[in-house]
There are 2 protein chains.
Amino acid sequence: MADINAIAKQFTDFYYEAFDSNRANLAPLYRDISMLSFEGSPYQGGKNIIEKLTTLPFQKVQHKVTTTDVQPSSTTEAKILVSITGLLLVDDSPNPLQFTQIFQLVPDGASYYVLNDIFRLNYG
Amino acid sequence: MADINAIAKQFTDFYYEAFDSNRANLAPLYRDISMLSFEGSPYQGGKNIIEKLTTLPFQKVQHKVTTTDVQPSSTTEAKILVSITGLLLVDDSPNPLQFTQIFQLVPDGASYYVLNDIFRLNYG
């Protein structure tokens, strides 16, 4: 399991650093077949997904990962399921929001792309 | 998407009804290759997973699903990714706990089994 945990760590470190600094840098992670469910709304394809992510209505955002769970998601291919819970600091709000995000990562040559992406805020 | 949403609804209705009434009834949903991550601890195989679930230290439990997100998780097979957020009422505590649970469902004849299962409580 060390290998997929390392891949998941590398992915999430990159993902949230890019999200929090310049969301357009996430574009290489998505393909035409990629899917995003964002707070229940579906987006298909890298272009639509990046358009959604880059037009979210906040100026500053910071993700803090609390937990990361990783499992192989196929018995025949090197796909990986990554489940994140964490806190989201938006603009100058002092109150962090809890979030949950799930990715399925699919190998593509030496790297991975995101086939599945599901994001939810958790309201108390 | 109607079809996979209906399958996910049917699955989660069955899963949480069985969990909350008699956890041993979940056994048919898991196979030897099934994986559970429960609060960060890994369990492999139906026998180990059911042993874990049936020995959780509470007498009464009730799941209330808040959100369900569903995506196809393979471009070639009819696998389904289901992400749940909700509330958990344990024993006689008046304070519900927030939880997140992710399943990957894999078709097997006319039904589905759980290949991946990741459960986390979300602490505020």
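Is Glu77(B) buried, partly exposed or exposed? In this predicted model, Glu77(B) counts as partly exposed, because its relative accessibility is 39% and the partly exposed range runs between 20% and 50%. Its salt-bridge partner is Lys79(B), with 3.4 Å from N to O. Lys79(B), for its part, comes out at 7% relative accessibility, so it counts as buried. Here, then, a buried side chain meets a partly exposed one.

That pair belongs to a bigger set: over all chains, the structure holds ten salt bridges. Another of them joins Arg31(B) to Asp108(B), and the closest N and O atoms of the two sit 2.6 Å apart. Along the chain these residues are a long way from each other, with their positions 77 residues apart: Arg31(B) belongs to strand E1 of chain B, and Asp108(B) to strand E5 of chain B. How open are the two ends? Arg31(B) has 27% relative accessibility and so counts as partly exposed. Asp108(B), at 36%, counts as partly exposed too.

Loops get their share as well. Asp92(B) and Lys60(B) form a salt bridge whose closest N and O atoms are 2.9 Å apart. Once again distant parts of the chain are linked, this time 32 residues apart: Asp92(B) lies in the loop between strand E4 (80–90) and E5 of chain B, while Lys60(B) lies in the loop between H2 and E3 of chain B. Asp92(B) reaches 65% relative accessibility, so it counts as exposed. Lys60(B) has a relative accessible area of 47%, which makes it partly exposed.

Now for the strands themselves. Chain B has an open sheet of six strands, running in the order E2-E1-E6-E5-E4-E3 with mixed pairing. At the edges are strand E2 (41–44) and strand E3 (61–72) of chain B, each of which pairs on one side only. On average, neighbouring strands of this sheet are turned by 15° against each other, if direction is ignored. Inside the sheet, strand E5 (residues 97–108) and strand E6 (residues 111–122) of chain B pair up in the antiparallel sense, and eleven bridges join them. To pick out one of these contacts, Gln101(B) has Phe119(B) in E6(B) as its bridge partner.

A helix packs on this sheet too: helix H2 (residues 46–54) of chain B touches strand E1 (30–38) and E2 of chain B. The direction of H2(B) makes about 40° with that of E1(B). Which residues of H2(B) are buried? They are Gly46(B), Ile49(B), Ile50(B) and Leu53(B). These four lie on the same side of H2(B), because they cover an arc of only 95° around the axis. Chain A tells a matching story, with Gly46(A), Ile49(A), Ile50(A) and Leu53(A) as the buried residues of helix H2 (residues 46–54). In H2(A) they also cover an arc of only 95° around the axis, so they too share one side of the helix.

Finally, how do the two chains relate? Chain B can be superposed on chain A by a rotation of 180° with 0.0 Å of shift along its axis, and the RMSD is 0.0 Å. This is the relation of a two-fold axis. The interface fits in with that picture: 100% of the interface residues of chain B are interface residues in chain A as well, so the copies meet through the same surface.

Definitions and conventions. Residues numbered from 1 in each chain as written. Chains lettered and ligands numbered in written order. Predicted model: local features only at pLDDT ≥ 70, side-chain atom pairs only at ≥ 80, totals over all residues. Heavy atoms only, no water. Pairing = 2+ DSSP bridges. Helix = DSSP H or I, 4+ residues; strand = E, 2+ residues; numbered from the N terminus. Axes fitted to C-alpha atoms, helices over the stretch in contact; angles between N-to-C directions. Contact = heavy atoms within 4.5 Å. Buried < 20%, exposed > 50% of the residue type's maximum accessible area, 1.4 Å probe, protein only. Arc of directions from axis to C-beta. Least-squares fit on C-alpha atoms with pLDDT ≥ 70 in both. Salt bridge = Lys/Arg side-chain N within 4 Å of Asp/Glu carboxyl O.
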